[in-house]
Amino acid sequence: MRKRLFTIMLTVLLTLTMVLPVTAEENRLYIIDQLGVVSDQLTELNQKASDLSDTYGVNVTVLLLSTTEGAGTPDIGEKVYQASFGESDGMMLIYSQDEKKWFVYKTGTAAEVITDEDDEALWNAFAGEEYYDDCVNAYLDKAQEQLTAKLGIGETTTDEATTTEAVRTIPENRLLPRLTDEADLLSDSEETDLLAKLDEMSECQECDVVVATVNSLEGKTAMEYADDFYDYNGYGYGEERDGIILLISMEERDWWMSTCGYGITAFTDAGQKYMSDKFVTMLSDGEYADAFTKYADLCDEFLTQAKTGEPYDTGNMPKESVDIIWLPIDLAVGLFAAFIVASRKKTKLKTVRKKVAAQDYVVDGSFRVTKNSDRFITKSVTTRKIHRDDDSGGSSTHTSSSGSSHGGSGGNF
């Protein structure tokens, strides 16, 4: 095992010394590609990583391996980084192709400002592309975006609008009320009542419940707009920014629910489907106040359930209540149907006479046992469903432009 690991390490380090002289800082290799999958653009990508490293004073590097031979990406990453860059500040994304494992090694300034959540964003940027050249480029762009936001220095290579977006940060305090009706779907009294309901519920549950309506998504998807609206307006309760937002866009009649922090736990994918089934039809009918009130009531119910038991999820949904007015009606219909069936059967029993004792049915000398045997007639089988992975429920997540994790779902109405 140690011999094989040593062989891998030696191969990587030899690559560093043979391809580019790592002792010369201006020719240092930042994209270490043992797989040989980015050779066509290795020079350009290495120069881009070198420029980023010079700008921020933090090395931005990548290590692509076929396998770690069981040593693990953290251990390999640390050894290769220190062999290449010593104790200088930096970050390295390590990916093992055969083992499908990844890790972001960080040291110095990078370890101080790049969080575990940022690591997820870096990996998602890398894994979101089809070709390795694009994967590495996307990782470098995400690292540049994060370092710009965290350190407040450097410039992005995109246009001015994208640069402005990249340096936006999440406010420490909420900037907008929990109801923002830019599309003017509610009357003044409806806004007042709904906002009071959302505020009271959010404070009680210690989880922000938000409604926002807009006229346009401004070129973004509903998911992107909802995530950014939540993040960059400072929504979220506590350090984890717990909450949920329902966004309505009237341009294409889009809706999206975005969850964050504890909201991801309380509002599972199956739970969101249940909730949307209850209020989307109201949106379609233009009953916006009723739809938002229903959404708020469901949020309150789901948060209470999550904090006092198991969150509503696959196989554990709210029990549908039955209006009490239907109980006597159902009972009367059942009794009437039973009377009709019994009456029809009774009319066919014209030869039946009442017998008051079992002896009346026995004929003397008629019962004699001449032979007995056991015969298999039938069998009874009990089955039980085995829950597979796709029945496990839970919440799927994604990373927003700010690097935050969100759950969510949406559609059109």
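**Figure 1. Glu 145 and Lys 142 pair within helix α6.** Both residues lie in this helix, 3 residues apart, about one turn. Helices here are DSSP runs of H or I with at least four residues, strands are runs of E with at least two, and both are numbered from the N terminus. An α-helix has 3.6 residues a turn, so residues three or four places apart point the same way. Glu 145 forms a salt bridge with Lys 142, with the closest N and O atoms 3.4 Å apart. A salt bridge is a side-chain nitrogen of Lys or Arg within 4 Å of a carboxyl oxygen of Asp or Glu. Glu 145 is partly exposed at 22% relative accessibility. Lys 142 is buried, at 14%. Buried means under 20% relative accessible area, exposed means over 50%, and partly exposed lies in between (1.4 Å probe, protein chains only).

The model is predicted: local features need pLDDT of at least 70, side-chain atom pairs count only at pLDDT 80 or more, and totals for chains, interfaces and linings use all residues. Residues are numbered from 1 along each chain as its sequence is written, and side-chain values use heavy atoms, with hydrogens and water left out.

**Figure 2. Asp 141 of helix α6 reaches Lys 48 of helix α2.** The two residues form a salt bridge, and their closest N and O atoms are 2.6 Å apart. This pair links distant parts of the chain. Asp 141 sits in α6 (residues 132–151), Lys 48 in α2 (residues 42–56), and 93 residues separate them. Asp 141 is partly exposed, with a relative accessible area of 31%. Side chains of opposite charge can pair when their charged atoms come close.

**Figure 3. Asp 228 and Lys 220 meet in a salt bridge.** The N to O distance is 2.8 Å. Asp 228 is buried at 7% relative accessibility. Lys 220 is partly exposed, at 27%. Elsewhere, salt bridges that share partners join Arg 178, Asp 199, Glu 203 and Asp 208 into one network. The count for the protein comes to 13 salt bridges.

**Figure 4. Helix α9 is largely enclosed by the rest of the structure.** The helix spans residues 222–232, and 9 of its 11 residues are buried. Among them are the aromatic-ring residues Tyr 225, Phe 229, Tyr 230 and Tyr 232. Asp 227, Asp 228 and Asp 231 are also buried, as are Ala 222 and Ala 226. Just after α9, Gly 234 takes a positive phi of about 75°.

**Figure 5. Phe 85 is a buried residue of helix α3.** This helix covers residues 73–85. Phe 85 has 6% relative accessibility, so it counts as buried. Which residues does Phe 85 contact, leaving aside its neighbours within four places in sequence? They are Arg 28, Leu 29, Tyr 30, Asn 59, Thr 61 and Met 92. Contact means heavy atoms within 4.5 Å. Phe 85 and Asn 59 are 26 residues apart along the chain, and their C-alpha atoms are separated by 8.2 Å.

**Figure 6. Five acidic residues gather in a patch of negative charge on the surface.** They are Glu 190, Asp 193, Asp 285, Glu 287 and Asp 290. Patches are made of residues with over 30% relative accessible area and no salt bridge; like charges are joined within 9 Å, and nonpolar side chains (Val, Leu, Ile, Met, Phe, Trp, Tyr) within 5 Å. Lys and Arg count as positive, Asp and Glu as negative, while His and the chain ends are not counted. A charge is placed at NZ of Lys, CZ of Arg, CG of Asp or CD of Glu. Asp 193 belongs to helix α8 (residues 188–205). Asp 193 is exposed, at 56% relative accessibility.

**Figure 7. Asp 184 has a positive phi without being a glycine.** Its phi is near 55°. Asp 184 is found in the loop between β5 (179–181) and α8. Asp 184 is exposed, with a relative accessible area of 59%.

**Figure 8. Arg 253 is another residue with positive phi that is not a glycine.** The value is about 55°. Arg 253 lies in the loop between β7 (243–249) and β8 (254–260). Arg 253 is partly exposed, at 28% relative accessible area.

Note on methods. Accessible areas come from the Shrake-Rupley method with a 1.4 Å probe; for residues, only the protein chains shown count as cover.
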